[in-house]
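Student: Can you walk me through this one? I'd like to start with the rings.
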Amino acid sequence: MTRTDNDSWAITESVGVTALGVAAARAAETESDNAVINDPFARVFVDAAGVGIWNVYSNTALLADNTDIEPSVRDRVRLMIDFMAMRTAFFDDFFLGAAASGVRQVVILASGLDSRAWRLPWPDGTVVYELDQPKVLEFKSTTLREHGAHPIARVENIPVDLRQDWPMALQQAGFDPSQPCAWSAEGLVRYLPARAQDLLFERVHALSAPGSWVASNVPASGSFDPEGVRRMREEMQGVRDAAAKLIDTDVPEFEDLWYAEERTALAEWLDERGWEVSATTFTELLTRYGREVSYDSESASMPTQFVSARR
Ligand SMILES: C[S@@+](CC[C@H](N)C(=O)[O-])C[C@H]1O[C@@H](n2cnc3c(N)ncnc32)[C@H](O)[C@@H]1O
């Protein structure tokens with residue numbers, strides 16, 4: 001599944017599937033003992049999407065009940081659920097902090113199946129702008145409408161390709177660059193070429209009034225180390241093989257959706273432009289949210305920095 005400059009997708013295709021994978025992990029975490037997040041809409045999305053590799057994450061009984069499955073596959077699925085749980089908790093706290101500081105404009109870049117506008121306690125007057133591919137947003141709105149869900153904040157959908165001129169579409173939808181904003185780019189940058197990532201944050205910076213906040217999870221140094229990439233591909237192949245067996249469906253190679261390119265270090269880049277930056281790791285988030293794990297969290301996961309900053 002090769003990427004091209006202007007490719008686009010529906011929720012069950014190409015990069016769209018990654019949004020379902022995240023929702024599936026959030027559903028599993030929400031329904032587990034000692035969950036660190038509560039996303040009641042994650043299961044709604046997964047159910048509406050039908051059958052696919054995401055069921056390996058959302059239906060933990062599938063793996064538990066099948067004794068043929070390699071233990072390494074179970075470990076990788078567990079890691080993925082933990083990773084998405086920590087990531088979700090990190091961004092939830094980021095937005096709650098921004099709202100508490102008085103920010104009332106929120107821009108979710110690559111919103112996918114993020115349901116924060118429907119589930120976080122936003123103060124009155126908050127507007128959440130959601131940007132993603134047209135068919136992804138269409139699936140999301142239709143599913144939530146059919147479920148009878150009502151957003152807590154006002155939601156503005158902006159169907160757009162984030163490699164194109166999204167700032168114009170955002171401002172046409174009512175975004176006011178003279179007011180502070182909380183921006184998130186969660187689970188996005190690996191799916192953008194390095195140059196498109198630079199342009200994305202240049203635009204965010206240009207549209208950020210004082211008092212703005214931004215957060216993103218980005219590849220940390222060593223992310224594209226060939227040995228680590230080889231090991232991760234091998235483990236993902238194990239999950240795909242298991243999924244093909246359990247679900248009887250075509251399973252795409254997600255790693256081919258990434259742009260495995262060296263990138264600008266976001267934390268340093270923001271710091272140089274006067275943002276007050278903090279950065280943390282998956283392991284530190286496991287400690288912060290009290291999750292004990294049986295694997296080596298740094299070497300098992302893709303090296304990631306969780307960056308948040310205030311201007
Ligand atoms: C891994 S999912 C993350 C979704 C969401 N942020 C979350 O954490 O639940 C990646 C999302 O990025 C979106 N995306 C990736 N590249 C994009 C682009 N060029 N334009 C618009 N959306 C894009 C995909 O459609 C998908 O919804």
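Student: Which residues do ring pairs link into a cluster?
Tutor: Phe 83, Phe 90, Phe 91, Phe 282 and Phe 306. Keep in mind that this is a predicted model.

Student: How many aromatic pairs does the structure hold?
Tutor: Eleven. One of them is Phe 94 with Phe 95, an edge-to-face pair. Their centres are 5.1 Å apart, with 65° between the planes.

Student: Are Phe 94 and Phe 95 buried or exposed?
Tutor: Both are buried.

Student: Why does Phe 95 count as buried?
Tutor: Its relative accessibility is 1%. Buried means under 20%, so Phe 95 qualifies.

Student: And why is the pair of Phe 95 and Trp 122 edge-to-face?
Tutor: The planes of Phe 95 and Trp 122 stand at 65°. Edge-to-face needs over 60 degrees, so the pair fits. The ring centres are 5.8 Å apart.

Student: Where do those two sit in the chain?
Tutor: Phe 95 is in helix α5. Trp 122 is in the loop between α6 and β2. They are 27 residues apart, so the pair links distant parts of the chain. Trp 122 is buried too, at 7% relative accessible area.

Student: New topic. What lies over the face of Trp 258?
Tutor: Arg 190, at 5.4 Å from the ring centre.

Student: How many cavities of 30 Å³ or more are there?
Tutor: Two. The second largest holds about 40 Å³ of space.

Student: Which residues line the second largest cavity?
Tutor: Gln 197, Asp 198, Phe 201, Thr 264, Leu 266 and Trp 269. Three are nonpolar, two polar and one charged. The largest share of that lining, three residues, comes from α9.

Terms used. Residues are numbered from 1 along each chain as its sequence is written. This is a predicted model: local features need pLDDT of at least 70, side-chain atom pairs count only at pLDDT 80 or more; totals for chains, interfaces and linings use all residues. Side-chain values use heavy atoms; hydrogens and water are left out. Rings of Phe, Tyr and Trp (its six-membered ring) pair if their centres lie within 6.5 Å; planes under 30 degrees apart count as stacked, over 60 as edge-to-face and the rest as tilted. Buried means under 20% relative accessible area, exposed over 50%, partly exposed in between (1.4 Å probe, protein chains only). Helices (H or I, at least four residues) and strands (E, at least two) are DSSP runs, numbered from the N terminus. A charge sits over a ring if NZ of Lys or CZ of Arg is within 6 Å of the ring centre and within 35 degrees of the ring normal. On a 1 Å grid over the protein atoms alone, a cavity is a set of points where a 1.4 Å probe fits but cannot get out, and a pocket is an open set with protein on both sides within 12 Å along at least five of seven lines; lining residues have an atom within 4 Å of a point. Grid points are joined across faces, edges and corners, and a volume is the space filled by probe spheres set on the points. Ala, Val, Leu, Ile, Met, Phe, Trp, Tyr, Cys and Pro count as nonpolar, Asp, Glu, Lys and Arg as charged, and the others, Gly among them, as polar.
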